[in-house]
Amino acid sequence: MEETIPPKQAGNLQDYEAALKEFTWSSVDKEFDWSKGGAYNVAREAIDRHAQNWRKNKIALYSITATNEVRKYTFGELSELTGRFASGLEKLGAVKGDRIFVFLDRTSELYIAMIGITKMGGISGPLFSALGPEAVKDRALDSSARFFITSPYLYKRLEPVLDDLVDVEKFIIVGDNEGLGEKTVKFEEVIGSGDPNYQAVNMAPTDPYIIHYTSGSTGKPKGVLLGHKSMIQQWYTSRYVLDLREEDTYWCTADPGWVTGTSYGIFGPWFLGTTLISYEGRFDARTWYSIIQNYGVTVWYTAPTALRMLMRAGDDLVREFNFSKLRHVCSVGEPLNAEVVRWGMRVLDRRIHDTWWQTETGAQLICNYPCMAIKPGSMGRPIPGVIAAVVDENGVEVPPKKEGFLALRPGWPSMMLGIWRNTSRFKEYFRVPGWYIAGDQAYKDEDGYFWFLGRADDVIKTSGERLGPFEVESALIEHPAVAEAGVIGKPDELRGEIVKAFITLRPEHKPSEQLKEDISKFVKTRLAYYAYPREIEFVDSLPKTRSGKIMRRVLKAKELGQPLGDLSTLED
Ligand code: PRX
């Protein structure tokens with residue numbers, strides 16, 4: 001018998017099958033202020049409209065610092081602060097459509113800045129604070145960002161590339177900017193100069209509110225643009241997948257540098273007026289459990305690697321805590337092993353609801369719902385309003401249980417608007433007529449549940465972070481000892497995958513453990529703390545096509561001891 005976990009009780013979505021038949025996207029319009037004549041703007045819907053009703057004094061954000069202090073903000077306070085910030089930005093010369101980067105740790109200023117930017121019609125560009133100077137430079141140059149909001153220590157990290165950031169006019173510094181130069185201004189001053197009653201700018205549904213850089217299997221990261229109309233799907237899924245309710249305290253553990261941390265760490269839940277928790281510190285099992293217990297978290301959205309780390313921390317630790325308030329748990333970002341779902345049942349006595357989506361999709365698409373049976377290991381079924389399928393290269397649906405490309409009928413509300421300054425990469429997603437091709441391989445079973453099999457390309461997922469081999473290879477070959485590099489994702493029990501690099505050295509360099517460490521550190525400090533190769537293997541040569549492209553597929557097959565496949569294009 002197939003393993004299934006029945007629903008405990010239905011949530012906000014009472015009947016999935018009925019919703020599949022009846023639901024229309026336009027039925028969501030009435031949830032927003034713009035449908036009653038207000039300005040069309042995600043910031044207004046997330047914050048300002050709540051500040052005009054009884055939620056004015058409701059806590060919008062508990063921002064917990066790395067040292068466990070907490071700062072609380074009501075919707076009323078955030079409305080004023082973000083209004084001030086929006087208008088302060090305009091006084092600095094920012095205009096609608098500007099790309100404005102937020103390079104901060106998870107502090108309350110990050111949230112204020114993100115909402116403030118979108119309020120004045122800017123395109124906010126959140127950057128994970130683990131990024132190194134080279135990664136930030138690539139993104140800033142690609143998007144011609146005009147402003148940065150950052151902190152003194154992160155600004156200093158950018159010093160090696162500051163001269164290259166030619167389009168940036170001002171760095172807005174959270175904290176002291178003394179000695180940081182003329183291009184900097186204090187966040188406090190920008191807030192101080194602004195108007196607390198500033199009104200959100202009216203935007204078109206297809207105007208972008210955010211640019212998220214994400215990796216593909218080729219080239220440097222690309223800027224995915226999401227539109228203000230994403231609010232429709234983010235509202236809907238926050239309500240029916242995250243199952244959020246008025247009284248909830250909700251914690252999304254993802255960093256706003258990634259799409260989960262904005263679509264469901266900021267906007268979606270705030271469209272519903274939900275109280276959010278944000279924690280600045282790094283992962284630590286005891287601290288995480290304490291947050292759930294002490295803040296009475298009711299809905300928790302996290303990721304498989306974190307859950308696996310909690311599993312490793314041991315069942316005894318869980319028993320020290322009281323999770324009686326926790327009602328609903330969801331996961332995203334990488335395959336959620338059946339084993340973890342079973343652990344959730346056994347130890348947390350909670351079902352863990354997997355959700356599948358991507359930066360490019362802007363919101364959840366294939367999910368598990370409180371009202372539906374979970375099949376451990378499956379990503380679930382498409383949200384009402386969306387058609388998902390598994391197709392072959394001609395766009396023809398394959399039979400149940402047969403592997404193929406995970407595909408979606410284009411046109412869901414939060415689908416990306418485009419890739420910044422790169423139409424050809426945008427078009428690649430639609431190469432199979434009638435479908436958006438996600439880049440994942442999957443199958444669908446007889447009950448319509450989707451199962452993830454792997455990526456169809458070379459994209460790496462390490463601890464849930466998406467990484468392109470090309471970025472890592474480009475960083476590696478900057479190292480003086482490295483001649484060539486080929487990078488793959490190597491399966492790893494804890495992290496899903498780790499980055500493994502195969503490297504040929506320049507003639508005057510000899511392989512050594514010291515050199516491996518040196519190379520890892522080089523990537524860590526230039527590209528990103530999470531992007532360095534945890535494994536390095538020095539080789540005499542790399543498999544290449546006759547045109548000189550490194551065949552990562554062959555490296556991976558060799559690493560996994562699998563058949564090497566078609567080698568007819570191999571150089572020798
Ligand atoms: O390969 C799939 C994997 O993560 C990719 C999208 O990554 P990113 O744009 O960083 O977005 C992550 C969070 C929205 C997908 O193409 N992925 C995401 N969710 C799942 C998943 N793989 C398996 N199961 C999932 N639930």
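**Exercise 1.** In this predicted model, determine which residues point one way from β13, which point the other way, and whether they are buried or exposed.

*Solution.* His328, Cys330 and Val332 point one way from β13, whereas Val329 and Ser331 point the other way. In a regular strand, side chains alternate between the two faces of the sheet. Buried means under 20% relative accessible area; by that criterion five of the five residues of β13 (residues 328-332) are buried, and the strand is mostly covered.

**Exercise 2.** Establish which strands β13 is joined to by bridges, and how the chain crosses from β13 to β14.

*Solution.* Begin with strand β12 (residues 299-302): four bridges join β12 to β13, and the two run parallel. Within this pairing, Trp300 has Val329 as its bridge partner. Next take strand β14 (residues 352-356), which is also parallel to β13 and joined to it by four bridges. Here Val329 stands opposite Ile352. The chain passes from β13 through helix α13 (residues 338-348) to β14, a right-handed β-α-β crossover.

**Exercise 3.** Describe which elements and which polar atoms surround the ligand.

*Solution.* First, consider the shell, which comprises 18 residues; Thr355 and Arg466 are among the closest. At least two residues each come from α9 (259-271), β14 and β21 (450-455), and β14 supplies the largest share, three residues. By class, seven are nonpolar, five polar and six charged.

Second, list polar contacts. A polar backbone atom of Thr355 is 2.7 Å from a ligand nitrogen atom. Ligand oxygen atoms lie 2.8 Å from a polar side-chain atom of Asp440 and 2.6 Å from a side-chain N or O atom of Arg466. Finally, the protein buries 95% of the 550 Å² that the ligand exposes when taken alone.

Conventions. Residues are numbered from 1 along each chain as its sequence is written. This is a predicted model: local features need pLDDT of at least 70, side-chain atom pairs count only at pLDDT 80 or more; totals for chains, interfaces and linings use all residues. Side-chain values use heavy atoms; hydrogens and water are left out. Buried means under 20% relative accessible area, exposed over 50%, partly exposed in between (1.4 Å probe, protein chains only). Two strands pair if DSSP finds at least two bridges between them. A crossover is right-handed if, with the strands pointing away from the viewer, the path from the first strand over the helix to the second runs clockwise. A residue is near a molecule or strand if one of its heavy atoms lies within 4 Å of it. A polar contact is a pair of N or O atoms within 3.5 Å; within protein, one must be able to donate a hydrogen and the other to accept it, and residues adjacent in sequence count only if both atoms are side-chain atoms. Accessible areas come from the Shrake-Rupley method with a 1.4 Å probe; for residues, only the protein chains shown count as cover. Ala, Val, Leu, Ile, Met, Phe, Trp, Tyr, Cys and Pro count as nonpolar, Asp, Glu, Lys and Arg as charged, and the others, Gly among them, as polar.
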